[in-house]
Amino acid sequence: MNWSTIWLIIAPPVVGGIIGYFTNDLAIKMLFRPYRPVYIFKRRLPFTPGLIPHNQGRLAQRVADTIMSSLLTPEELQTLARRLLQTERMQAAIKWLLQLALDQIQSRTQVRTAEIIGNILQDVFGQTLPRLLRVWARRDDFLEEQLNQIFDRVIVEFRFSDEQAEQLSHWLLTGVLPPDTLRQLLIDFLTDRNIQVIDRIFREKTSGTYWVVANLFGIRNALTRLRTYCLDEREVSNTRIAELIAALQIDYRLKEWLLNISLQNLPVATVRQLRNSLNESIRDYLRSLGPELLKELSDSVNWQLLAQQLVNRLQSSTAITSSLDPVSEELALILERYLERDLENLVTHIIPILNIDQVIIDRVNATSPRDLEAAIQAIVRNELQAIVNLGGILGFTIGCLQVSFLYLR
């Protein structure tokens, strides 16, 4: 067998395998390349750009239609939503949000938070409440029930304790009516006219021993000398008055009087009339001066400082941290009941809002042909290589068949 015969036998399988291999490889590459159209004399060459870059918009639409019709159907989205929005997951998410808000308050932004809370409190007490009070005050039963409860439960049942009565009587005798004040009151009372009236009444209205004393000795002279004594002997008068208060046990008697003070000792009709009068006075005052009172009170309060103290209190409050679990659980249950009722309707409204198909189309169109080729080859690299190898095998097989046919001839 000479070399020409050997070459005639070997060449067809080898050439067929090479052609089949590289033809398939070229065909696969032409799916993506060239990435841009090629022009010669202002005419675009056929098969430029590659098949996928040339039809990238249509490919993006087909991908979006396939995903939305087969994968992300409303039923699948509802199933996915139910899986994601389970009660445990929602409770954990809500607790995380609440904890995040609490940490935000406790962070460096607490000054800003305190400022916002202070402005809110100032607006509520300085603007909102006065307006509401003006509206409420127009009602005939304005605060009637509340004032009646306060009167019946507090004022009617109020009684001084032994310690309170003792402190109040001591304050009255030392702070309100000390000996010097009593002396001055006595001087102011014993005017010439009052002394004359007292003397005349005693002379005309008394009888027996009092009449004798009033007419023989005269009360006018005694009262005049008492006034003169209080004016001239100030310190001595104060001492004598203090001695009289101690000797007569005025503090003890005043204490006993305070202990016996109670509205329960009054007739029912009197108590009811007193309650109505007190309620009407309070309501009239609130109707006329209540809004201005609230506004002045709001202006006098340092709301920023109060809000800062409130925020500081929230930072160390165990009630806030311990309530995160039950609050998040309750909110999660509320959301679960709402989703069970309206999940289908909610998903129907969410799909057009999300516009998922357009997002897919925009994403595919925004991907460059080079990146698209790399992504597809990364997914089906083995399959594409198998096609190239299969082309080589088929070319080699056809070459062998051709050699056999020639040999048989």
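# Reading labels in a predicted model

Leaving aside neighbours within four places in sequence, Ala 64 is in contact with Asp 357, Ile 360 and Ile 361. This is a predicted model.

User: What makes Ala 64 count as in contact with Ile 360 and Ile 361?

Analyst: Contact calls for heavy atoms within 4.5 Å. Ala 64 meets that rule with Ile 360 and Ile 361, and also with Asp 357.

User: Which residues make up the largest nonpolar core?

Analyst: Six residues do: Ala 60, Ala 64, Ile 356, Ile 360, Ile 361 and Val 364. Two elements each give two or more residues to this core, α3 (56-71) and α19 (356-366). The most come from α19, with four residues.

User: Why is this set called a nonpolar core?

Analyst: A nonpolar core needs buried residues of listed kinds, Ala, Val and Ile among them, joined through side-chain atoms within 4.5 Å. The six residues here are Ala, Ile and Val, and they form such a core. In soluble globular proteins, nonpolar side chains tend to be buried together.

User: Leu 59 is in helix α3 too. Is Leu 59 buried or partly exposed?

Analyst: Partly exposed. Its relative accessible area is 30%. Buried would require under 20%, and exposed over 50%. So 30% puts Leu 59 in between.

User: How far apart are Leu 59 and Ile 361?

Analyst: In sequence, 302 residues. In space, 8.6 Å from C-alpha to C-alpha. Beyond its neighbours within four places in sequence, Leu 59 is in contact with Ile 52 and Leu 372.

User: What makes a nonpolar surface patch in this model?

Analyst: Ile 9, Ile 10, Val 14, Ile 18 and Phe 22 make one of about 430 Å². A patch residue needs over 30% relative accessible area. Ile 18, in helix α1 (residues 3-30), has 44%. So Ile 18 passes that cut-off, and 44% also makes Ile 18 partly exposed.

User: How do you know that Lys 255 and Asp 162 form a salt bridge?

Analyst: The cut-off is 4 Å between a side-chain nitrogen of Lys or Arg and a carboxyl oxygen of Asp or Glu. The closest N and O atoms of this pair are 3.2 Å apart, so the pair qualifies. Lys 255 lies in helix α14 (residues 250-259) and Asp 162 in helix α8 (residues 162-176), 93 residues apart.

User: Are Lys 255 and Asp 162 buried or partly exposed?

Analyst: Lys 255 has 15% relative accessibility, so Lys 255 is buried. Asp 162 has 45%, so Asp 162 is partly exposed.

User: Why is Asp 192 called exposed?

Analyst: Exposed means over 50%. Asp 192 stands at 53%, so the label fits. Its side chain meets that of Arg 227 in a salt bridge of 3.0 Å, N to O. Arg 227, at 18%, counts as buried.

User: Which residues are linked in a network of salt bridges?

Analyst: Asp 180, Arg 183 and Arg 234. For Arg 234 and Asp 180, the closest N and O atoms are 3.3 Å apart. That pair joins helix α13 (residues 234-247) to helix α9 (residues 179-189). Arg 234 is partly exposed at 46%, and Asp 180 is partly exposed at 28%.

User: How many disulfides are there?

Analyst: Zero. A disulfide takes two cysteine sulfur atoms within 2.5 Å. Among the cysteines, Cys 230 is buried at 4% relative accessibility, and Cys 400 is partly exposed at 30%.

Methods: Residues are numbered from 1 along each chain as its sequence is written. This is a predicted model: local features need pLDDT of at least 70, side-chain atom pairs count only at pLDDT 80 or more; totals for chains, interfaces and linings use all residues. Side-chain values use heavy atoms; hydrogens and water are left out. Buried means under 20% relative accessible area, exposed over 50%, partly exposed in between (1.4 Å probe, protein chains only). Patches are made of residues with over 30% relative accessible area and no salt bridge: like charges are joined within 9 Å, nonpolar side chains (Val, Leu, Ile, Met, Phe, Trp, Tyr) within 5 Å. Accessible areas come from the Shrake-Rupley method with a 1.4 Å probe; for residues, only the protein chains shown count as cover.
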